[in-house]
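Open the model in your viewer and keep the sequence panel in sight. We will go one selection at a time.

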Amino acid sequence: MKLMKYNKLILLLMMVFLWLTLPLMGKNAVKRFFPTGIFIALLTRWENSVAKKRTWWWWYEKFHPKLSGSFPFVWGPFMIGSMWILKFTYGKFYRYLTLNLIVDTIFVFVLVDKWLTKWGIASLVRMKKLQLSLLLFIDSLLLYGFQYLVEKIKATMSKCMTPVE
């Protein structure tokens, strides 16, 4: 397919486009959900290193000689996409789970299975689609739990910082 020679450009544009949506989220929402976005990016980065060692999936496309093709996904859709999902659903746990299930299903069964594999960017090797779906579901629970902790810590700190009259 002719688009295969543009894989790096497509990956870069995907990541940059998502970062360009941050101003639309609003300054307060970015500040509120950025720590959790960093958390999920680091968690996903760690999962990619485990996946490489255990050959769960494989990134054929290198973003740069020293960066895997996973780099734009980790710092684009996983980080920024997670922040957007939290913005629209945080505090509504079942809505959050439903939206994550929809997004993760599209990622696993459409994006990975059709687009990434077909274009020679990445593919599942020793991990089945259902296992990847379960991993993403666990990630979504960790993401929500981390945001819950961040909110609790901020609330506790703001109580401690409030002057006593």
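**Start at a tryptophan**

Select Trp84 and show whatever touches it. Beyond its neighbours within four places in sequence, Trp84 is in contact with Thr21, Leu24 and Met25. Keep in mind that this is a predicted model.

Now show the side chains of Trp84 and Thr21. A polar contact of 3.0 Å links the two.

Is Trp84 buried or exposed? Its relative accessible area is 17%. The cut-off for buried is under 20%, so Trp84 counts as buried.

Next, select Gly37 and draw a distance to Trp84, C-alpha to C-alpha. It reads 9.4 Å, although the two residues are 47 apart along the chain.

**Widen to the helices**

Trp84 sits in helix α4. Select all of α4, residues 70–89, then add helix α1, residues 7–20. The two pack with their axes 9 Å apart, at an angle of about 30°. Angles under 35 degrees count as roughly parallel, and therefore α1 and α4 are roughly parallel to each other. Their crossing is left-handed.

**Look between them**

Which residues of α1 and α4 make the contact? Colour these two sets:

- From α1: Leu11, Met14, Met15, Leu18 and Trp19.
- From α4: Phe71, Pro72, Phe73, Trp75, Gly76, Pro77, Met79 and Ile80.

Now recolour the contact of α1 with α4 by class. Twelve residues are nonpolar and one is polar. No charged residues take part. The polar one is Gly76.

How values were computed. Residues numbered from 1 in each chain as written. Predicted model: local features only at pLDDT ≥ 70, side-chain atom pairs only at ≥ 80, totals over all residues. Heavy atoms only, no water. Axes fitted to C-alpha atoms, helices over the stretch in contact; angles between N-to-C directions. Helix = DSSP H or I, 4+ residues; strand = E, 2+ residues; numbered from the N terminus. Parallel < 35°, antiparallel > 145°, perpendicular 65-115°, else oblique. Left-handed = near helix turned anticlockwise from the far one by under 90°. Contact = heavy atoms within 4.5 Å. Buried < 20%, exposed > 50% of the residue type's maximum accessible area, 1.4 Å probe, protein only. Polar contact = N/O pair within 3.5 Å; in protein donor to acceptor, adjacent residues only side chain to side chain.
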